[in-house]
Amino acid sequence: MSSFYPTLPSGTRSVAVLADIHGNIRALNAVLDDIVRRKIDAVVCNGDLITSSAHSVEVVQRIRQLGIPCTRGNHERYLQELADPADEKWGQANWAPTHHDFRMLNTDDRQWLTELPDTLWLCDGHAPLVMAHAAPGNDVARVTAQNTEEDWLSLFADLPDGVTLVGSHLHWYWRSQWRGNLFVRTPSVGLPLDGDKRAGYLILRRRENSWWAEQQRVGYDLAGELAAFRLSDYYRAGGVIAHLFWEELRTARWWIIPFFSHLRQTSAEIALSPGVTGFDAETLQTAWQTFDHAQFPDYCPDAPGNHR
Ligand SMILES: [Fe+2]
C-alpha cells in the first residue's frame, strides 16, 4: 500500500470523492461548486483525471491548485509507460488520445500524475477508510456484483476489519457489504456510463465507527463540453477512439467495449489473437465503418456474465 498515514484530519465527518473526471472540466467545476454548497469537510480524487474528454490539462491544473489528494488511475499509469519512447503504444492508433494528452501536459504535471500513490489511507482509528482507483495494487480490477468469495477475500486480505474501501474505474455507482467491510464504487464525474448524463460523485458521512455512502448527481453544461470536444485538437488527433469517447460522453453509455467486440469480429486474424491490444488507424477505421452500436446491449458491469 502506498500510503500508511491518514490523509485526512481525524475530525473529518464528511468526504466528497471525485473520480474518473477524464478531462471534463465543465463537469468538474459543477461538482466542485456543489461540494462547496453542501459544506463537505474534505475532497479527494480517486484517479483517471485525464483522457476521454478534451480538457485534461485544465482538470489537472484545477485539482493541483486546490491541493486535492489523489490516487493514480490506469490512465495516469499509461502516461508513465509512454515516457519510454520505445513503448509499443506509441505505434498503435488506439492510443492516439493518450499520445495527445502526453504531449499537451507539461513535464511537471506529467510527473505529478505518474507519481501519485496507488492507494490512499484516508482515515484510520475506529472508522478506517481506504481508497484505490480499482482495487489496492490493481488499477484495472473489476470489483462487481459478480465477485466470488475468493475475490472478496483477496480484496480485503491486507486491510483491517471494518474497513470502508472506495474504488472507482467502472463509472457506475455500486456498494456491497462483505463480512463487516463496506466496498463502495464511485460514479464518474466526467464520463458517466450508467445512462445518467449528469456528473456523479460520492459523499461519505461518518457514522460512529463506519461510513455512510451516497452518490450525488449534478447537472452541468454537457452540450458545451460536447461542442468544445468536437472542435478540439484532441478530437482531431484522437481518431476513432476519441470519437467513441465523445459518443460515450453524449450518451452516458459504453461504446469502447462494444466497438472492440465488433473489431475482433471483423477479421479472422484479429479474432484468433485475443492477446493483441494494439491496432493501426486503418483497422480502426474499417471497423468503425461497419460498427452499429444499436446491435449491442447496454453493458452493466454488475450483470451476470460480465465477470472476468
Ligand atoms: Fe476511468
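Guide: A polar contact is a pair of N or O atoms within 3.5 Å, where within protein one atom must be able to donate a hydrogen and the other to accept it. The model here is a predicted one.

Visitor: So at the start of α5, which backbone nitrogen does a side-chain oxygen of Asn106 reach?

Guide: That oxygen of Asn106 comes to within 3.1 Å of the backbone nitrogen of Asp108, at the start of α5.

Visitor: And which residues of helix α5 are buried?

Guide: In helix α5, which covers residues 107–114, the buried residues are Asp109, Arg110, Leu113 and Thr114. Seen down the axis of α5, they fall within an arc of 125 degrees, so they line one face of the helix.

Visitor: What covers the buried residues of α5?

Guide: The cover includes α2 (56–66), α3 (74–82) and α4 (96–104).

Visitor: Switching to the sheet, in what order do the strands come?

Guide: Five strands make up an open sheet with mixed pairing, and their order is β3-β4-β5-β7-β6. The edge strands, each pairing on one side only, are β3 (119–123) and β6 (174–178). On average, and with direction ignored, neighbouring strands of this sheet are turned by 20 degrees against each other.

Visitor: How many bridges do β6 and β7 pair over?

Guide: Strand β7 (residues 181–185) pairs with β6 over five bridges, in the antiparallel sense, and Trp174 has Arg185 in β7 as its bridge partner.

Visitor: Which strands does helix α6 lie across?

Guide: Helix α6 (residues 149–156) lies across β5 (164–167), β6 and β7, and runs at about 90 degrees to β6.

Note on methods:
Residues numbered from 1 in each chain as written. Predicted model: local features only at pLDDT ≥ 70, side-chain atom pairs only at ≥ 80, totals over all residues. Heavy atoms only, no water. Pairing = 2+ DSSP bridges. Helix = DSSP H or I, 4+ residues; strand = E, 2+ residues; numbered from the N terminus. Axes fitted to C-alpha atoms, helices over the stretch in contact; angles between N-to-C directions. Contact = heavy atoms within 4.5 Å. Buried < 20%, exposed > 50% of the residue type's maximum accessible area, 1.4 Å probe, protein only. Arc of directions from axis to C-beta.
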